[in-house]
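Here is a short report on the cavities and pockets of one protein chain. Keep the structure open as you read.

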Amino acid sequence: MPTPFTNATEQLHRATAAMQLDARVMDRLSKPDAIHEFKIPVRMDDGTEREFPAYRVQWNDSRGPFKGGIRFHPQADMDEVKALAFWMTIKTACVGLPLGGGKGGVAVNPKELSAAELERLSRGYVRALASHIGPEKDVPAPDVNTTPQIMAWMVDEYSKIVGHDSFGAFTGKPLTLFGSEGRDAATGQGGFYILDRAVSALSMQAQSTRIAVQGMGNVGSHFARLAQEAGYKVIAMSDSKGGIVVDGGLDPMEVALYKEKNGSLAGFPGARQVTNAELLELECDVLAPAALENQITAENAPRIKAKLIIELANGPTTPEADTILATNNVTVVPDVLANAGGVTVSYFEWVQNLQNFYWTEQEVLARLEPIMVSNFEMVWNIARERKIDLRTAAFVHALTRLSASIISRGFGG
Ligand code: NAD
């Protein structure tokens, strides 16, 4: 299986084959500006000490401070964090935000930690990185297994270190610590705007569109709920242990409540069980991977039945799978566009924190939708004009903006 960073590099090469990119820009974007790799010592509740490997990759800040989440996951490693930091650079440029790209990770299974241990780990991450982050340098946010509460501990630790409140140093905070209205649902919400546009661009109808969603964390569950509320039929959902299918359609809120009560989806009334691998190959119209990387590969891509894939997760499709899907006429709306709603509302949160002036949820959504829709249309048109897939088009769109910013800044002096 190719690694996420190998996939990211191949995607960059496919895009640069479809456009003219200055060699100096290519050189700049092929490697990170800075890499931080460290260990976080944590005093465990039983008095022992454990060390957790931790990473922050700052890929490029030509268009503004590095921006990107922090992932807590047992398999987090440098390769994955590099890929995610690179994708953030493409993503912020793809939707035109005045931000760069970065990403963080800690190799930990947070489910094995008590709340107090998780807090010490989160604060330890900030202590190790404090001189490299901040509202004008690098602004982290939540990702897999990191929550608004974790962002609250992190911003508190950062504020103590710098000696004043600095709410703009992290986004995805709880509303009680000046997070933004709409941030929690933002990635799913942005993905939903993209779904609606892609469905009409492909002349499909919401009511007859069956959607399978892999992963029901922050991103997958809000997306599924919004799609169902708008009349789409969500027929399958899953968590890390497996999924359920109801051909007539599920109520995502009921599924979330069932999982909360029972700890898993097993035994959901009226549903049949599927594995996560089976979910990807279901008879459906739209597939929305919302979990982890490398789910759609050369091995299973030929068996995908969906006509449209909305990539809510980062890096769910390998380049080999992209080639197969394109041949089979499957439209893939890439992660760097489809899940950019999260970083867009993170940007709004940062703007609100810097101004200390707060917006309503309606104001947030009224600003989010045109950003998602206009960039979808630009990417769709690039794909049609150049006869390239949407991922390559999204990269071309982002690289055009990045290249202009990098060239305007110059190459030293
Ligand atoms: P989360 O921790 O809230 O949820 C992750 C979900 O994936 C959980 O339901 C988990 O059970 C499931 N999962 C884990 N391993 C799985 C597996 N092997 N198969 C199927 N499901 C599995 O995380 P999230 O914030 O919802 O992030 C999901 C994806 O979306 C990630 O790729 C993340 O990078 C991406 N993303 C998140 C945001 C954000 O704002 N949170 C923004 C953009 C992209």
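How do the residues of the lining of the largest cavity divide into nonpolar, polar and charged? Two are nonpolar, two are polar and four are charged. Bear in mind that this is a predicted model.

**The chain as a whole**

The chain holds 14 helices and twelve strands. Its radius of gyration is 20 Å, close to the 22 Å that the globule rule gives for 413 residues, so the chain is as compact as a globular protein of that length. Along the principal axes, the C-alpha atoms fill a box of roughly 55 × 55 × 45 Å. Buried residues make up 59% of the 413. Among contacts with a separation of 6 or more, 68% join residues 24 or more positions apart. The accessible surface comes to about 16400 Å². Carbon and sulfur atoms account for 51% of that surface.

**The largest cavity**

The count of cavities of 30 Å³ or more comes to one. About 50 Å³ of space lies in the largest cavity. Its lining consists of Gln11, Arg14, Pro319, Asp322, Asp389, Arg391, Thr392 and Phe395. Three elements give two or more residues each to this lining: helix H1 (4-17), helix H10 (319-327) and helix H14 (390-409). H14 gives the largest share, three residues.

**The second largest pocket**

About 280 Å³ of space lies in the second largest pocket. Its lining has 14 residues. Closest to the centre of the pocket are Val330, Thr331, Ile388, Asp389 and Leu390. Here the elements that give two or more residues are H10, strand E12 (331-333), helix H13 (361-386) and H14. The lining divides into eight nonpolar, two polar and four charged residues.

**Side by side**

| Space | Volume | Lining by class |
|---|---|---|
| Largest cavity | about 50 Å³ | two nonpolar, two polar, four charged |
| Second largest pocket | about 280 Å³ | eight nonpolar, two polar, four charged |

Which residues and elements should you look at in both places? Asp389 lines the largest cavity, and Asp389 is also one of the residues closest to the centre of the second largest pocket. H10 and H14 each give two or more residues to the cavity lining. H10 and H14 also do so for the pocket lining. To view the cavity, start from H14, the source of three lining residues. To view the pocket, start from Val330 and Thr331, which are among the residues closest to its centre.

Notes. Residues numbered from 1 in each chain as written. Predicted model: local features only at pLDDT ≥ 70, side-chain atom pairs only at ≥ 80, totals over all residues. Heavy atoms only, no water. 1 Å grid on protein atoms, 1.4 Å probe; cavity = no way out; pocket = protein on both sides within 12 Å on 5 of 7 lines; lining within 4 Å. Points joined across faces, edges and corners; volume = space filled by probe spheres on them. Helix = DSSP H or I, 4+ residues; strand = E, 2+ residues; numbered from the N terminus. Nonpolar A, V, L, I, M, F, W, Y, C, P; charged D, E, K, R; others polar. Rg over C-alpha atoms; globule rule 2.2 N^0.38 Å. Buried < 20%, exposed > 50% of the residue type's maximum accessible area, 1.4 Å probe, protein only. Contact = heavy atoms within 4.5 Å. Areas by Shrake-Rupley, 256 points an atom, 1.4 Å probe, with all protein chains shown as cover.
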